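Trainee: I would like a close look at one part of this model. Please take a single strand, go through it slowly, and then show what lies around it.

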Amino acid sequence: MRIAILSFSSEGQLLGRRLREALEGRGSDCTLRRCPEGRLREWTQNHFLSNDALIFVGSCGLAVRAIAPFVQSKSSDPAVLVIDETGKFVISLLSGHLGGANELTKWVAEELSATPVITTATDRRGLFAVDSWARRNGYFVSNPEKIKDVSSALLEGKTVTFCSDFPISGKVPEQLRLLQRDRSESEKEAGVHFDLGAEAVEQKPGEHGGEATAAAPERADLPSSLMGDEALIDPLDYPTAALRREARALRQASSPTTAVSEAAALSPSAAGLSEAVPKVAAATTEAEEIGFSVSWQRRESEELRIVVPSLYIGIGARKGISSEAVEQLVDRCLKELKASPLAVKAVASIDLKANEEGIFECCARHAWTFLCFSQEELARVEGDFSASAFVKEVTGVDNVCERSAVLAAGQGSRLLLRKQSLDGVTCAIALEAISLSFDTAQPPQA
């Protein structure tokens with residue numbers, strides 16, 4: 001987390017140094033400056049888009065006047081905190097939920113033995129906050145303007161219904177009710193069993209393990225055409241803080257009223273639900289309104305849409321392949337699978353491709369982690385894969401893309417899309433076996 005601290009006096013500077021040391025101790029990238037005379041606006045403008053949090057050691061009035069010209073959206077504004085110069089009160093001023101200001105306020109207050117001041121209604125009344133929950137878990141909110149609908153319903157004492165592509169672990173908050181549909185029907189809607197020009201094959205999970213040996217750099221260029229309309233969506237510090245800052249810059253250059261939509265219109269489903277779903281689940285009816293959905297799919301439905309990074313893309317490619325060729329096939333596979341690009345958690349391949357510029361550039365452009373595995377690790381992956389004698393002769397393993405996707409996705413994962421080929425690139429997509437938890441006992445992100 002990148003944090004900028006601004007003080008206005010000698011006493012405030014001393015408190016800022018103490019806080020900077022504590023924040024750096026937990027892994028944050030932290031800067032501290034005493035505000036030069038007449039330079040408050042300039043400092044705020046320089047740091048508002050490039051930091052995840054701003055902390056003013058001074059009065060609320062100073063902080064409000066400083067940030068007012070730059071406030072844009074609750075989904076893209078950084079967290080803003082105010083601490084009085086004596087260190088007695090820590091105030092969450094802006095982006096309490098999505099920006100993480102409330103969690104950071106509690107942490108800072110504990111470090112300083114101060115009183116946290118949090119005014120968001122759901123927090124004051126001890127209610128479930130869907131945007132805070134999404135941020136804590138690294139999920140994306142694809143239409144943040146709908147957050148207020150869920151929060152308002154909870155504040156009015158209503159029960160909010162939701163559907164999920166993933167099983168639930170632990171207890172569902174009392175204010176929420178899970179809706180479940182028949183698995184076979186929802187999987188058919190999601191388009192899980194399909195093939196691009198080949199006969200559909202029922203997918204089988206593999207049993208596997210292993211760790212990645214390489215990763216792409218933590219940088220994010222502006223989203224390209226692969227992201228489509230979702231390029232304007234603000235990620236919640238996932239997978240890197242840099243991606244969130246790029247999204248802010250993109251939003252600033254766009255119209256503030258730009259509507260964010262998703263390409264595939266799907267009715268709410270629970271494509272990944274298993275026996276782990278608790279008994280509170282009830283049958284969904286066409287007339288029943290859904291408050292929010294949690295999915296790996298693209299949607300244009302009316303509810304608040306939360307996307308879980310859970311897809312792993314396996315890539316194989318001939319030497320010297322271009323990034324455009326890689327993106328063309330990945331784009332095609334995601335669209336046919338009706339998967340959200342925001343759901344991509346990583347791209348994987350064999351270590352022979354660790355320096356393949358085409359794959360590497362595609363991953364860097366979209367801030368996707370690039371994982372590489374050895375031939376031995378891929379060969380140990382158990383499952384039914386599309387074998388190729390030519391690929392085995394070149395790489396030492398009969399399939400790269402499917403094995404890489406499944407190995408990266410981990411134990412219990414499911415191969416959603418088998419090997420697809422186009423212009424020297426192969427692609428497969430696996431779904432991580434994860435479950436949702438509403439446990440709030442998690443530390444704020446560093």
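Mentor: Strand β8, residues 160–164, runs parallel to strand β12, residues 292–295, and three bridges join the two. This is a predicted model, so read every statement here as one about a prediction. Among the residues of the pair, Cys163 has Ser293 in β12 as its bridge partner.

Now look at how β8 is covered. Five of its five residues are buried. In a regular strand the side chains alternate between the two faces of the sheet. In β8, Val160, Phe162 and Ser164 point one way, while Thr161 and Cys163 point the other way. Residues on both sides of β8 are buried.

The partner strand leads on to the interior. Strand β12 covers residues 292–295, and Phe292 is named, together with Trp133, as having the most contacts inside the largest nonpolar core. That core has 59 residues. Helix α10, residues 323–336, gives the most to it, namely six residues. Another core lies apart from this one; it has 22 residues, including Ile3, Ile5, Cys30 and Val90.

Trp133 is worth a stop. Leaving out residues up to four places away in sequence, Trp133 touches Phe292 and Val294. On the same terms, Trp133 also touches Phe128, Tyr139, Ile306, Leu436, Ser437 and Phe438.

A residue in another strand can be read in a similar way. Thr426 sits in strand β18, residues 425–431. Its relative accessibility is 16%, so Thr426 counts as buried, the limit being under 20%. Beyond its neighbours within four places in sequence, Thr426 is in contact with Gly314, Ile315, Gly316 and Leu329, and also with Cys401, Lys419, Gln420 and Ser421.

Finally, compare two loop residues. Ser113 lies in the loop between α4 (101–112) and β6 (115–117), and Ala367 lies in the loop between α11 (357–365) and β16 (369–373). Ser113 is not a glycine, yet its phi is positive, at about 55°. Ala367, also a residue other than glycine, has a positive phi near 55°. Are these two buried or exposed? Ser113 has a relative accessible area of 68% and is therefore exposed, since exposed means over 50%. Ala367 is at 8% relative accessibility, so Ala367 counts as buried.

Definitions and conventions
Residues numbered from 1 in each chain as written. Predicted model: local features only at pLDDT ≥ 70, side-chain atom pairs only at ≥ 80, totals over all residues. Heavy atoms only, no water. Core = buried A, V, L, I, M, F, W, Y, C linked by side-chain atoms within 4.5 Å. Buried < 20%, exposed > 50% of the residue type's maximum accessible area, 1.4 Å probe, protein only. Helix = DSSP H or I, 4+ residues; strand = E, 2+ residues; numbered from the N terminus. Contact = heavy atoms within 4.5 Å. Pairing = 2+ DSSP bridges.
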